[in-house]
Each structure stands twice: as C-alpha cells, then as structure tokens.
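Please read the following report alongside the sequence and the three-dimensional structure shown here.

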Amino acid sequence: MTIIASLRRAGICGLAALVLASAGSVFAEDAATPAPAPTAPPPTTDLAQRVADLEAYVNNTASGASADGKTTWTSNLSSGPGHNAWLMTSSAFVLFMTLPGLALFYGGLVRKKNVLSIIAQCFGITGLVTLLWWLCGYSLAFAHGSPFFGKLDFAFLKGVTSAPNSDYGAWVSQNVFSMFQLMFAIITPALIIGAIAERVKFTAVLLFVTLWMFAVYFPLAHMVWGVDGFMNGLGNPKAVIHAIDFAGGTVVHMSSGWSALVFCLIAGKRLGFGTQNFSPHSVVLVMVGTGMLWVGWYGFNAGSAVAADGIAANAFLTTTLATAIGSFVWGAWEFLLKKKVSILGLCSGAVGGLVVITPACGYVDASGSVWIGLAAGTIPFFAVMYLKPLLKYDDALDTFGVHAIGGTTGAILTGFLATADANPNLNTNLKDYLANHTLWIEQLKAVGLTIVLSCVASAIIACIVKAVIGLRLTPEQETLGLDISDHGEEGYLL
C-alpha cells in the first residue's frame, strides 16, 4: 500500500509539474507575442457567460444573466442534454401509461367479449389526438394568445425545433416538450372510455374525442399551463385565478372524470346493468396494467418539472409515498368493512393515489404526500363503493369515482399542503397566497370552472354525436360484444 501511495503521489506531482510547465510555456509565448486586438465579447465576459450558463444548466434556471444580475447577454446555447434526456424518457413513460398500461388496466376490467374494444379505442385515440396536436392542438394549448386559447403560431408544429421555448423550460428542446405534452393530451380522453365501456361504438368515441379536445382539453390546458393562461397562478402574474396544478389534477383527471360521468349518463346503462354479472374478466391484466401505470406515472409527475432537477426528485418521492399509501389504505378499508382484501381494491387504491397526488406532487413535501395518500385511499373508495350504488349511474370502470373525485380531492388538498420549501417557484407569484393561507380558495375557483366547462361541453358534444351518428350499437351487437361487432376479432380463441 505504501508503494502504491508513493506512486500515486509521484503521479500527481508529475502531472502538476507538467501542467505548470505547459502553463509557463504559454505565458512565455504570450509575453513574447503582442496581444491581439480585443473582440466582442471580451474573453472575461465570454468566460462569465460560460460559467453562468453552466450554473444555470445545473440549477435549471434561465441562462443569459450573471449571478449578480449586472451582466446580460444572449446565450447561444441549445438544449441541455441531461434535461432533454429526462424529458424524452418521461415522454416514453407517459405513452407507456396509455399503451399498454391503460389498455390492459381497462381491458382486464371489462368482460372478455369487449377487451379488444378497449385496446382499439386506446390506439384510435392515440392516433387521432396526435394528428390534432400536429394540426393546431399544441399551438392552442401552449402558444401565446388569450387567457383561454393560444394563437396558431405553432400550427403544424411550425417553428417547434430543438431550440428551447423559454416560456416552459430553459434547457429542454421545444420539440421534446411538445411531444411530452402530447402524451398528456393522449391519455386524458382515453380515461373517459372507462365510464362508457362495453356499449358505445368505436366511431362515436372518436367523434366525441375530436370535439372534446377542442371544447375542453385545449382551452383547459392553456388556462392552467399556458404562459398567459387564465388560471396559471404559478407562471402568469396576470392570471385571474391564481391556481396551481403541477401535473394535471384539473387538466387531466378532473376534466376526464367529470366528462365521463356526463357521457355515461347520456349514453345510458349497459344492457343487463343491475341484473347481469359485470365482473372483470381478468384481474391479472388489471394488476399488470396498474403496475405499468405506476411506473409510467413517474414520467407523468416527475417529468412535469421539465428538467432533471430537485423539483423532479421531490415529485418522484411524493408520487411514490402517496401511491403506496393509497393502495394500502384502500385495502385496509376493504378489510375493515368486508373482512377481505381484494387485488382489485389494492390496484384501485394505487391508481387513486396516483390521481390525487398528481396536482400536488411538485408542491408538497413528504408529510404532505402522506396525507394525500390517506385521502386517496379513503375518499375515492367511498365514492366507488357507496356513492355509485346509491345514485345507480353506470360508470363501467369507475372513471368518475377515481379520476373525478380523486382529481378534485387532489386539487383542493394542494391548496392546503403546498409549500415553498418543496418548490421555491411558488414564491414568485404566489407568496402572499401562501403567507395568508388563501391558496385553497384559488384552487376551489379552478375546481369550479373545470367542472362547469367539462360537464357543459361534454353534455353538448355527447348530444351532437348521438344525433349525428348515434352512440350505441344495436342490442344484438352489444350482447354479442364490441370486439366482434365493431372490430371483427376476438380477444381469446380458447
């Protein structure tokens, strides 16, 4: 060990001597050669810019200014590789939530004669929404515009290049950001199909989703996340409602869940509802789909930091805690009330935890996420187990009970539990709301607007679709199953 240590010291000393010798030769050459005429920017400014940009990249802050704020410049840097890599990974995770996660989760919950209809609807929605996103959806949601809609500056993804859009991320390419947000736009309407499963035909689903994206999703995404959005309390100092939604409590879960309730009421109940057995045909597929949703949700929540930074790390932690606790608490309620813990209950509790933590994950600390997990395993549980039978609506796969009730719960709890210790960005425009403990009032306003928009628009759209092409298959086709009636295939040939 002594010999090795001596060699190491000798190597370090030799390296130091080599560096000093090289430096000495450079200094000697500089002394002998006249200094060139200064160019713009001078070397010192260029060095300051490089150091400041490096610090900005590491800390995920905007580049272009020195630490003291006295020196500014236009940075020529492109996107940061680490942040870009995380958002591309997150984008893949969120797509994984829909295909295959949600497809298998919902597919396992329906009867076996309708499993392919769920998968087909997930695939159809993925292609349809992608086309709309390219056409104008991304622009309507994220371009500058009014408080309710963006302009068409990014229509056909024009100008959406690998350069960052500083409105949403200093170090992530805008084309990557647009694809990340596309995955949110895909899964949101796909959640709705859980409420109307096993009875609404494929073409009616696609027409409903087309109209719904323009009436509900695009304006709501702009209002909550757009740089000049009506309810973007975090990023728009002129917002009318100073609400926060880190990853989609209002935009994704409330909008889809409340819309799903309206859609299923207008579509009507399944044939035999209340008399036939509608048990899931494969709880194994439900479990597999739940696991995929959980894994993919890390991209959904932690990816919404739009950087691989400390806020993303906190969202990763809070998502894990709330999800696991939600699953455990749902199972505990089952044991207390029914003396048995079901796999379906554990899976439902996990999804409930994921839903309720979504709007809060980047704004609450570990203890806050525990409270959210407890609420997630309790409130949606009673909505599914008792409210649904009481009101007798046919929400086939409990989209309303989990996503609408869960998303609403999460949005409200975010107003009580958000802390600048978890996310210092809250101090930018919301410091007074945190100090006065009034953020929850802003959250209630956002909740109310989201419910009204989702329900009214969905009712109108569902009635239009019903009048134009009809919603349901014939009773004979529904009895046969949507797999054969709509797609000419069977999920299982046994």
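The text below takes up aromatic rings, internal cavities and one loop residue.

This is a predicted model, in which local features need pLDDT of at least 70 and side-chain atom pairs count only at pLDDT 80 or more, while totals for chains, interfaces and linings use all residues. Residues are numbered from 1 along each chain as its sequence is written, and side-chain values use heavy atoms, with hydrogens and water left out.

**Aromatic rings**

Rings of Phe, Tyr and Trp (its six-membered ring) are taken as a pair if their centres lie within 6.5 Å, with planes under 30 degrees apart called stacked, over 60 edge-to-face and the rest tilted. By this rule the model holds 31 aromatic pairs. One of them joins Phe382 and Tyr386, whose ring centres are 5.6 Å apart and whose planes stand at 25°, so the pair is stacked. Both residues belong to helix α12 (residues 379–391), where they are 4 residues apart, about one turn of the helix; helices here are DSSP runs (H or I, at least four residues), numbered from the N terminus.

The table gives relative accessible areas, for which buried means under 20%, exposed over 50% and partly exposed in between (1.4 Å probe, protein chains only).

| Residue | Relative accessible area | Class |
|---|---|---|
| Phe382 | 31% | partly exposed |
| Tyr386 | 42% | partly exposed |
| Asn232 | 8% | buried |

Elsewhere, one aromatic cluster is formed by Trp133, Tyr138, Phe142, Phe154, Tyr168, Phe177, Phe214, Tyr217 and Phe218. Arg270 lies over the face of Phe278, at 4.2 Å from the ring centre, where a charge counts as over a ring if NZ of Lys or CZ of Arg is within 6 Å of the ring centre and within 35 degrees of the ring normal.

**Cavities**

A cavity is a set of points, on a 1 Å grid over the protein atoms alone, where a 1.4 Å probe fits but cannot get out, and its lining residues have an atom within 4 Å of a point. Grid points are joined across faces, edges and corners, and a volume is the space filled by probe spheres set on the points. There are 4 cavities of 30 Å³ or more, and the largest has a volume of about 60 Å³. Its lining comprises 13 residues, of which Ile187, Leu191, His253, Trp297 and His403 are the closest to the centre. At least two lining residues come from each of α3 (81–109), α5 (174–192), α7 (249–267) and α8 (283–302), and α3 gives the largest share, 4 residues.

**A loop residue**

Asn232 is found in the loop between α6 (202–225) and α7. Leaving aside neighbours within four places in sequence, Asn232 has contacts (heavy atoms within 4.5 Å) with Met223, Val224, Trp225, Gly226, Val227, Ala239, Ile241 and Ala243.

How values were computed: 1 Å grid on protein atoms, 1.4 Å probe; cavity = no way out; pocket = protein on both sides within 12 Å on 5 of 7 lines; lining within 4 Å.
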